[in-house]
Amino acid sequence: MRERYDVIVVGAGPGGYMAAIRAAQLGLRTAVVEKGRAGGTCLNRGCIPAKAMLQASALLRSIKEAGQYGIRTGEVSFDYGKLLSYREETVDRLRQGVEGLLAANGVAVLAGRGRLEKGKVIKVFRETAGEVSGEYEAGAVILAAGSVPAIPPIPGISLPGVLTSDGLLELKERPESLTIIGGGAVGVEFASIYADLGSRVELIEAMPGLLPNMDREISQNLRMILKKRGIGVHTSASVRRIEERNGRYACVFEEKGKEREAVSEYILCAVGRRPAAEGLFGEGAEPAMERGHVVTDAGLCTSIPGVYAVGDLAGGIQLAHLAGAQGIYVAERIAGEEPAADLRYVPACVYTEPEIASVGMTQKEAEENGIDAETGKFLMGANGRSVIAREERGFIKIVTEKETGVILGAQMMCARASDMIGELAAAAANGLTVRQLLKGIRPHPTYNEGMAEALEAVSGKAIHAMPARRLG
Amino acid sequence: MEVREGLLYSREHVWMKEEDGTVTAGITDYAQSELKGLVFVNLPEEGDAVTAGVPFADVESVKTVSDVYAPVTGTVAEVNEELADDPELINESPYEAWFVRITDVTDRMELLTAGEYAEFVEGIQGQD
């Protein structure tokens, strides 16, 4: 007899563990299958360790810049080994938190690799021996197997000094120099970390701008700031090959029609991630797939009734908070509840300094969708908190529908942007207008005041902005 | 303040020169000195259409943003990316710090010669 659960979740990353906890909270008998450690990529090999390193590297830069506040520091140095222990302690603490929550909610954790079989049966394999350690039956299955770094077919990509983010995080010594292929969120965050830690960093992006999915002003602003920090930025640059040279690695790329190269101790390949679907399906149990990801409908159901897919495995936007929101959404649907979240408004954040955050549409996207839109923009150079903290150039843009004032989206690059974007995600998801957002008073002095100013700027009435000047 | 001979000028303080059907444009020394330290410039993208008399870029000092008006109608063929990385170049050498090269030029604003522009600026300064 197979043991039966109401819900079996495959994968205990953010999508999986949140789905499991919510299902258990709603009274469903729930199990989660995990081959590695709870928390998935985000907690163990992604967002969390990267943010811990950014915490340390940004602090180091702040200390070096402390002279401007009259603080004398003398020679500043750091211990990379200790930095790594701090990072691992942080990861361990958060992971233990997740494990504790799973246990406390009565979620059974089945250790091993999960495979979906016909009839909503889940087989669990021990990772080492490959033998079946258990077979379970589920009322509903939530697939949340996540993703793995994508490896592009570049000659030399499998040389030992070419790493993915997983490999880079495992290095025990700080690389003296690093070439990063890919100027997306992962690429620019690692560029910031290692440049601040004193490594020589070159960043290579195939598209015309860094963070190509973001507003163009963000990408231009970021490029300017990264270059000022000594990072070599190459855009519209395509990597041709990688060669080993006396224990170092030359990344040969074409930029503006010319062949150039960056030679460094390591190369980070950060060109995106692909769904981790290998070995996930037994014979006859494979749902419809498209370009490697599991196809789902609006309710996140796969082509097999009762089998759902969330997070990176389901394609689309690969962000932990979306996976988590999808997991909760599916668990609520399975339990017969009406989910609260609107999954169309997904904030995206990049933890550079200044931080970058966006949600919904840019002005350009609104126009491309035939919407008559207008944008309010406020420069944070006139925001008190930003001046106090001597922040780099930053701004907040809020995109609205002209006729109604309904918030369509926002893009921001400034301190605490990642904390402030949630307000605009909530506003956009609820169809709130500029006037409704201006009903609440924002405290002074805060970065958040910049939000009120950007809202006022939609009608040209930001208080701390000089009237737009016409030259002449 | 320098007004460079051999260039054409708009009353919106944009300089331009035309060579083999390609217009190169930037902002004048007077404009940069009025704006003072520039911290950012928003440039159009290659392939964008620009219209004479309509803003095609903006320049930003610490607290104010100023639109830059296109002197001609046409298509952006090249953008000076160096300015985006280092907007101070516009303050340092405004006539070398070109913003864009424009091709397929179909229309232009009323433009001034160097002498006329110098007089025009003197007129503005006289009002101050």
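## A strand between two crossovers

In this predicted model, strand β9 (residues 177-181), helix α6 (residues 185-196) and strand β10 of chain A make a right-handed β-α-β unit. Within this unit, β9(A) and β10(A) pair in the parallel sense over five bridges. One position at which the two strands face each other is marked by Leu178(A), which stands opposite Val201(A) in β10(A).

A right-handed β-α-β unit is also made by β10(A), helix α7 (residues 216-228) and strand β11 (residues 232-234) of chain A. Here β10(A) and β11(A) run parallel and are joined by three bridges. Ile204(A) stands opposite His234(A) in β11(A). Strand β10(A) thus pairs with β9(A) and with β11(A).

## The setting of strand β10

Is strand β10 of chain A largely enclosed or open? Four of the five residues of this strand, residues 200-204, are buried, so β10(A) is largely enclosed by the rest of the structure. A general point about strands is useful here. In a regular strand the side chains alternate between the two faces of the sheet.

## Asn221 in helix α7

Helix α7 of chain A, which belongs to the unit with β10(A) and β11(A), contains Asn221(A). Asn221(A) has a relative accessibility of 0% and therefore counts as buried, because buried means under 20% relative accessible area.

Which residues does Asn221(A) touch, when those up to four places away in sequence are not counted? They are Arg393(A), Gly394(A), Phe395(A), Met413(A) and, from chain B, Phe40(B). With Arg393(A) there is also a polar contact: the side chain of Asn221(A) reaches the backbone oxygen of Arg393(A) at 3.1 Å.

## Salt bridges

A search of the whole structure finds 40 salt bridges over all chains. One of them joins Lys51(A) and Glu189(A), with the closest N and O atoms 2.8 Å apart. This pair links distant parts of the chain, 138 residues apart: Lys51(A) lies in helix α3 (residues 47-64) and Glu189(A) in helix α6 of chain A. Lys51(A) is partly exposed at 24% relative accessibility, whereas Glu189(A) is buried at 6%.

Asp92(A) and Arg95(A) form a salt bridge in which the closest N and O atoms are 2.7 Å apart. Both residues lie in helix α4 (residues 80-104) of chain A, three residues apart, about one turn of the helix. Asp92(A) is partly exposed at 27% relative accessibility, while Arg95(A) is buried at 9%. A further salt bridge, at 3.1 Å from N to O, brings together the side chains of Glu176(A) and Arg248(A). Glu176(A) lies in the loop between α5 and β9 of chain A and Arg248(A) in strand β13 (residues 248-255), so the pair ties together parts that are 72 residues apart in sequence. Glu176(A) is partly exposed at 36% relative accessible area, as is Arg248(A) at 29%.

Arg393(A), already named as a contact of Asn221(A), belongs to a network of salt bridges with Asp215(A), Glu217(A), Lys377(A), Lys397(A) and Glu60(B).

## Cysteines without disulfides

How many disulfides does a search of the whole structure find? It finds zero over all chains. Two cysteines illustrate this result. The sulfur of Cys251(A) is 9.5 Å from the closest cysteine sulfur, in Cys269(A), which is too far for a bond. For Cys349(A), the closest cysteine sulfur is in Cys47(A), at 10 Å, again too far for a bond. Cys251(A) is buried, with a relative accessible area of 0%, and Cys349(A) is buried with 14%.

Note on methods:
Residues numbered from 1 in each chain as written. Chains lettered and ligands numbered in written order. Predicted model: local features only at pLDDT ≥ 70, side-chain atom pairs only at ≥ 80, totals over all residues. Heavy atoms only, no water. Buried < 20%, exposed > 50% of the residue type's maximum accessible area, 1.4 Å probe, protein only. Pairing = 2+ DSSP bridges. Right-handed = clockwise from strand over helix to strand, strands pointing away. Polar contact = N/O pair within 3.5 Å; in protein donor to acceptor, adjacent residues only side chain to side chain. Contact = heavy atoms within 4.5 Å. Disulfide = S-S within 2.5 Å. Salt bridge = Lys/Arg side-chain N within 4 Å of Asp/Glu carboxyl O.
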